[in-house]
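Dear colleague,

I am passing the structure on to you below, together with the notes I made while going through it. Please look at the sequence and the model first, and then read on.

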Amino acid sequence: MFKIKNCKDCGSCKSRCPYGLDIPSILKEMLDDYIRFAENLGINILETGGRKHEK
Ligand code: SF4
C-alpha cells in the first residue's frame with residue numbers, strides 16, 4: 001500500500017485506463033482510507049507497517 005506514496009503523477013496509468021479513472025487520485029484516497037481504517041482499530045500503521053502493536 002505504501003508504494004502509493006511513490007506515485008509521481010506521471011499520468012501514464014490514467015491515460016491508458018479504458019474507464020477513464022483518475023487512478024493516481026483514487027490510489028491516494030485509498031491509502032488515506034487504509035490509514036484511517038487501521039487507526040480506528042488502534043493500529044498506527046505508519047509506525048508498524050501494518051503489524052499490530054504487542055501489548
Ligand atoms: S500516475 Fe500512475 S503510472 Fe504514473 S507513477 Fe502514479 S500510479 Fe504510476
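**What was found**

Leu46 is located in helix 3, and with 11 C-beta neighbours inside 10 Å this leucine counts as exposed, because the cut-off for exposed is 12 or fewer. Its C-alpha atom is separated by 7.7 Å from that of Ile35, although the two residues are 11 apart along the chain. Ile45 also belongs to helix 3, which covers residues 45-48, but Ile45 is partly exposed, having 19 other C-beta atoms within 10 Å. Since a residue is buried only if 20 or more such atoms are counted, Ile45 does not qualify as buried. From Ile45 to Phe2 the C-alpha separation is 10.0 Å, with their positions 43 residues apart along the chain.

Please keep in mind that this is a predicted model. The mean pLDDT of the protein is 89, and 85% of its residues reach 70 or more. Among the elements, helix 1 has the highest mean pLDDT, at 96, whereas helix 3, where Leu46 and Ile45 are found, has the lowest, at 75.

As for the overall layout, the protein has 3 helices and 0 strands, and read from the N terminus the elements run α-α-α. Of its 55 residues, 0% count as buried.

Helix 2 is made up of 18 residues and reaches 25 Å from its first C-alpha to its last, which is close to the 26 Å expected at 1.5 Å a residue. Because the number of buried residues among these 18 is 0, helix 2 lies largely in the open. Glu29, which lies in helix 2, is exposed, with 12 other C-beta atoms within 10 Å. In sequence Glu29 and Ile4 are 25 residues apart, while in space they are 10.0 Å apart, C-alpha to C-alpha. After helix 2 comes Gly42, whose phi is positive, near 85 degrees.

Which residues surround the ligand? They are Cys7, Lys8, Asp9, Cys10, Gly11, Ser12, Cys13, Ile23 and Pro24. The elements that give two or more residues to this shell are helix 1 and helix 2, the latter spanning 23-40. Sorted by class, the shell holds 5 nonpolar, 2 polar and 2 charged residues.

One member of that shell, Asp9, deserves a separate note. Asp9 sits in the segment before helix 1, which covers 12-16, and it has a positive phi of about 55 degrees although it is not a glycine. Most residues other than glycine have a negative phi. Is Asp9 buried or exposed? With 9 C-beta neighbours inside 10 Å, Asp9 counts as exposed.

Gly11, which is also among the residues surrounding the ligand, is 11 residues from Asp22 in sequence and 8.7 Å from it in space, C-alpha to C-alpha. Asp22 itself is placed in the loop between helix 1 and helix 2, and this aspartate is partly exposed, with 13 other C-beta atoms within 10 Å.

With best wishes

Methods. Residues numbered from 1 in each chain as written. Predicted model: local features only at pLDDT ≥ 70, side-chain atom pairs only at ≥ 80, totals over all residues. Helix = DSSP H or I, 4+ residues; strand = E, 2+ residues; numbered from the N terminus. Near = placed C-beta within 6 Å. Nonpolar A, V, L, I, M, F, W, Y, C, P; charged D, E, K, R; others polar. Expected span 1.5 Å × (residues − 1). pLDDT = per-residue confidence, 0-100.
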